[in-house]
Structures are given as structure tokens and as C-alpha cells.
Amino acid sequence: MAFKISEIGSAINKYKGIHRPSHFMVRITPPPFLSSDQYVRDIELMCEATTLPGMHLDSQQVRPMGYGTTESRPTDYTVQQVRCDFFVDNVGSMLSFFQKWIGDITNFGPDIKNASDATKLNYYEFAYPEEYEGTIVATLFDGTGSKILNCTLHQAFPITIGDLPLAWEMNDQISRLPITFAYNSWSTSVLYANSYRDWE
């Protein structure tokens, strides 16, 4: 069956068009020890790129009747890590913010107090989850600026501060800091009222 251009256009228009990946915002609610940091209010404006989490089911080959051909059966669900790329400011607030966060998850060095603002953790000691977990919400917008949906990462915390490249030849570029987050679960909520059926 051949599709008509008019049918494709009609289907796209029924769902308010195609989303552009540049229409998003990331809001981070950090753990209590960072919630008073002045930078929290501005960090959502510094996130250049991110991804929404994927879904993955581990599977195993089984023989339903004990013999014959095998079939796949799900055995476990795995959440995917999420990476955010942030612009690096000229006063070091971005780098300092995430160094403090990771530094108060674990004291990984004898001089970590300089990075984590005088952590109370002993050398190589880990904090309790409720002390370092936060919430991350990625919001998608349509072309008019209306919110489409929220994707929320629950019990999230940074696990990697990526390398920050420096070179004289990069004079015309800007610095970006990649941060990888782990989390325990995620959820989405559609923000358009009454769903797409009202648009028909």
C-alpha cells in the first residue's frame, strides 16, 4: 500500500507535529546538603544536552516444554544510566557543584575536604543513600513552548564527572562537562491535558 503525502501530514498534524530535540529543560533537585547552593537555581540553564532513559529487559532462552525450540523470556529489568552535558562557567561553579556532590557520597582521598566542602565522611567511607540522592526532571516542550511531558529520575546521583579537555588549539570552542547519573527508578507524566484524543 502506497502512502499519500497528505495522509502523512494529517497524521503528524493530529499529534501537534514532530518534536524537536532542542526543546527541553533539565531541572535538578539535589540532596539537602546542596539545596542551599546558589548555583542550583541556574544549573537548569546550563544543561546543553541529555538523553531520556531507555528501557531494557534481560532475557533468557528457555524450552517451554523441556525440549524443542527455545523461546526468549524476560528475567530482569535494567535501568539505563543517563548522561548530561553542562556548560562550564568561568568561576568554576559547575565543576565545584558536582565535585561537592560526589565528595559527599564517598570520601575518596585524604584531601577531599577541599573538593566536598569539609565532608564529614572518613577516608573511603560512603554516605547513606538518603543523604546523597536527589531528583532529576527532564521536561520536553513543543514549538510553542508548552510542556509535553516530564521524565523524572528518582533517587538519582552522579557517578561520573567526565574529563574536561583543555588545549590551546580549542580557542574557538567552549568547555563542556559530561556528568553521568545513576538512579533507582524513573517515571513519565504527559502534561498535555486529556491526552491527544482531544486534538482529533
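This report walks through the nonpolar core, a nonpolar surface patch and the salt bridges of a predicted model.

**The core**

Let us start on the inside. The largest nonpolar core of the model brings together 29 residues, and those with the most contacts inside it are I28, F86, F98, W101 and F181. Six elements are listed as giving two or more residues to this core: the strands β1 (24-29), β5 (82-87), β6 (134-141), β7 (147-161) and β8 (176-182), together with the helix α2 (93-103). As a general background, nonpolar side chains in soluble globular proteins tend to be buried together.

W101 is a good residue to click on if you want to explore this region. Leaving aside residues up to four places away in sequence, W101 touches I28, P30, P31, F33, L34, Y132, G134, A156, F157, P158 and F181. Two of these partners, I28 and F181, are also among the residues with the most contacts inside the core.

**A nonpolar patch on the surface**

Nonpolar side chains also turn up on the outside. I5, I8, I12 and I18 make a nonpolar surface patch of about 410 Å². Within this group, I8 is found in helix α1, which covers residues 5-14. How exposed is I8? Its relative accessible area is 41%, so I8 counts as partly exposed.

**Salt bridges**

Turning to the charged side chains, the structure holds four salt bridges. Three of them are set out here, with the N to O distance and the relative accessible area of each partner.

| Pair | N to O distance | Accessibility of each partner |
|---|---|---|
| R27 and E44 | 2.9 Å | R27 43%, E44 18% |
| E48 and R176 | 2.6 Å | E48 30%, R176 33% |
| R73 and E71 | 2.7 Å | R73 38%, E71 35% |

What does the bridge between R27 and E44 tie together? R27 lies in strand β1 and E44 in the loop between β1 and β2 (47-50), so the pair ties together parts that are 17 residues apart in sequence. The two partners sit in contrasting surroundings: R27 is partly exposed, whereas E44 is buried, because its 18% falls under the 20% limit.

E48 and R176 form a salt bridge too. This pair links distant parts of the chain, with E48 in strand β2 and R176 in strand β8, 128 residues apart. E48 counts as partly exposed, and so does R176.

In the remaining pair of the table, the side chains of R73 and E71 meet in a salt bridge. R73 is partly exposed, and E71 is partly exposed as well.

Notes
Residues numbered from 1 in each chain as written. Predicted model: local features only at pLDDT ≥ 70, side-chain atom pairs only at ≥ 80, totals over all residues. Heavy atoms only, no water. Core = buried A, V, L, I, M, F, W, Y, C linked by side-chain atoms within 4.5 Å. Buried < 20%, exposed > 50% of the residue type's maximum accessible area, 1.4 Å probe, protein only. Helix = DSSP H or I, 4+ residues; strand = E, 2+ residues; numbered from the N terminus. Contact = heavy atoms within 4.5 Å. Patch = residues over 30% accessible without salt bridge, like charges linked within 9 Å, V, L, I, M, F, W, Y side chains within 5 Å. Areas by Shrake-Rupley, 256 points an atom, 1.4 Å probe, with all protein chains shown as cover.
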